[in-house]
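Ready to find your way around a new structure? Grab the viewer and try the short exercises below, each with a worked solution.

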Amino acid sequence: MEKIPILKMGRFLLVSIQVDMHDRLAMTLQEDLTDRIVKENARGVLIDISSMEIVDSFIGRMLGSIASMSRMLNAETVVVGMQPAVAITMVELGLSLSGVRTALDVEKGMEILHRFRQPGEEETDIDDQA
Amino acid sequence: MTRHEKIEVRSSDDVVKVRQRVRALAVEAGFSLVDQTKIITAASELARNTVNYGGGGHAIVSLVKSNGRTGLRLVFEDRGPGITDIELAMQDGYSTGAGLGLGLSGSRRLMHEFEIDSAPGQGTKVTVTRWR
Ligand SMILES: Nc1ncnc2c1ncn2[C@@H]1O[C@H](COP(=O)(O)OP(=O)(O)OP(=O)(O)O)[C@@H](O)[C@H]1O
Ligand SMILES: [Mg+2]
């Protein structure tokens, strides 16, 4: 079955959405991500949407539920790379993405995730997947 | 020149296909990137409604001309249960499913013309147009 790859980098999970996702694939991503947050004890999730040409109400809802589910599992989510045309369209559609943290690019997104790491938590190396 | 395409809309894969075909025609018609994005987003919303609530149907995507202007017109039609209270369904936040209730009201904002024709037991037809 078609899947969107989830990469692990230290205590963070990285997802880059490269395909025109159909709704079932979006649902699968949501489930896979929550599974991986628990399994890897992840502290942050970074979702790169720079290749997405639209964010409609379904994808918006998916991003919102990924953010709130990961928060419940003690991980912060940052959505990065939204195209300006997508942002303009989302506002007109009425989609606010409230509760979803965003950043302009991967680098700024990673900075935000690092800031959210709890103080005293030890630094982690980029380790191999278990 | 009038271009005209009919697409079956029965599954979430068909929703993807609608987005791709609408994008191709919007590019061909010379719409700006922002306009393309608005039209594709409206198409995605309406196609998903056709699948999720209308039990499937079809879309007709066409390039239209009027008074020297070019437009892209999308028609979504199904023979599903129809909508009892259209005014209510058009409100932001109203959903009989688990949605955000933004598909119909949002598509109306994204397009220049919006027309909905629906009655209980008669199915639903939504026609939207954006002019360049
Ligand atoms: N083709 C259709 N056939 C029957 N009912 C429909 C159809 N399209 C929309 N509706 C009704 O209108 C309501 C509002 O539709 P709208 O697209 O605005 O919101 P939604 O689909 O529920 O949520 P969202 O689009 O934000 O994910 C739907 O919940 C449904 O009850
Ligand atoms: Mg909808």
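Keep in mind that this is a predicted model.

**Exercise 1.** Find the residues with the most contacts inside the largest nonpolar core, and say how many residues this core has.

*Solution.* Start with the count: the largest nonpolar core has 64 residues. Next, look for its best-connected members, and you land on Leu72(B) and Leu74(B). Then ask which element gives the largest share: H2(B) does, with seven residues. Finally, there's a second, separate core of nine residues, and Phe12(A), Leu14(A), Leu46(A) and Val78(A) are among them.

**Exercise 2.** Work out the strand order of the open sheet in chain B, and pick out its edge strands.

*Solution.* Walk across the five strands of chain B and you read E1-E2-E3-E5-E4, with antiparallel pairing. Now check the ends: E1 (4-9) and E4 (113-119) of chain B each pair on one side only, which makes them the edge strands. As for the twist, neighbouring strands are turned by 15° against each other on average, ignoring direction.

**Exercise 3.** Zoom in on how E4(B) and E5(B) pair.

*Solution.* E5(B) covers residues 123-131, and its antiparallel pairing with E4(B) runs over seven bridges. For one spot to look at, find Asp117(B): opposite stands Lys125(B) in E5(B).

**Exercise 4.** Which strands does each of the helices H1(B) and H2(B) touch?

*Solution.* Take H1(B), residues 12-28, to begin with: this helix packs on the sheet and touches E1, E2 and E3 of chain B, with its direction at about 165° to that of E1(B). Then move to H2(B), residues 33-52: this helix packs on the sheet too, touching E1, E2, E3 and E5 of chain B. The direction of H2(B) makes about 15° with that of E3(B).

Methods: Residues are numbered from 1 along each chain as its sequence is written. Chains are lettered from A and ligands numbered from 1 in the order in which they are written. This is a predicted model: local features need pLDDT of at least 70, side-chain atom pairs count only at pLDDT 80 or more; totals for chains, interfaces and linings use all residues. Side-chain values use heavy atoms; hydrogens and water are left out. Two strands pair if DSSP finds at least two bridges between them. Helices (H or I, at least four residues) and strands (E, at least two) are DSSP runs, numbered from the N terminus. Axes are lines fitted to C-alpha atoms, for helices over the stretch in contact, and angles run from 0 to 180 degrees between N-to-C directions. Contact means heavy atoms within 4.5 Å. A nonpolar core is a set of buried Ala, Val, Leu, Ile, Met, Phe, Trp, Tyr and Cys residues joined through side-chain atoms within 4.5 Å. Buried means under 20% relative accessible area, exposed over 50%, partly exposed in between (1.4 Å probe, protein chains only).
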